[in-house]
Amino acid sequence: MLRLLRRIARRCETHDRPSYPRIRDLETSLGLEPSAPPASLVDALSDPRIIDCSHAWCRSRQR
């Protein structure tokens with residue numbers, strides 16, 4: 001049911017969640033000191049902008 005609601009709302013579980021690289025870029029652009037990276041190496045380095053989730057609405061929304 002949750003997957004159906006996400007599809008109807010065109011929300012993507014891959015691209016609509018916060019990621020450390022995006023937060024760090026935002027903090028830097030605002031002139032803030034970047035926050036400490038998460039303890040997990042995967043969370044610290046994962047960037048949703050380079051992940052293909054295969055949803056057509058995501059590809060068109062990101063451009």
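Trainee: Before we look at Glu 27, what makes a residue buried?

Mentor: Buried means under 20% relative accessible area, and over 50% counts as exposed. Keep in mind that this is a predicted model.

Trainee: What makes Glu 27 a case without a salt bridge?

Mentor: A salt bridge needs a side-chain nitrogen of Lys or Arg within 4 Å of a carboxyl oxygen of Asp or Glu. For Glu 27, the nearest side chain of opposite charge is Arg 24, 7.4 Å away, so this buried residue has no salt bridge.

Trainee: Where does Glu 27 sit, and what is it in contact with?

Mentor: Glu 27 belongs to helix α2, residues 20-29. Setting aside neighbours within four places in sequence, Glu 27 is in contact with Leu 32, Glu 33, Pro 34 and Ser 35.

Trainee: Why is the pair of Asp 25 and Arg 24 called a salt bridge?

Mentor: Their closest N and O atoms are 4.0 Å apart, and the cut-off is within 4 Å, so the pair counts. The structure holds 1 salt bridge.

Trainee: Why is Asp 25 called partly exposed?

Mentor: Asp 25 has a relative accessible area of 35%. Partly exposed covers what lies between the 20% and 50% cut-offs, so Asp 25 fits. Arg 24, at 32%, counts as partly exposed too, because that value also falls in between.

Trainee: And how much of the whole chain is buried?

Mentor: Of the 63 residues in the protein chain, 22% count as buried. As for the fold, the chain has 4 helices and 0 strands, in the pattern α-α-α-α along the sequence.

Terms used:
Residues numbered from 1 in each chain as written. Predicted model: local features only at pLDDT ≥ 70, side-chain atom pairs only at ≥ 80, totals over all residues. Heavy atoms only, no water. Helix = DSSP H or I, 4+ residues; strand = E, 2+ residues; numbered from the N terminus. Buried < 20%, exposed > 50% of the residue type's maximum accessible area, 1.4 Å probe, protein only. Lys, Arg positive; Asp, Glu negative; His and termini not counted. Contact = heavy atoms within 4.5 Å.
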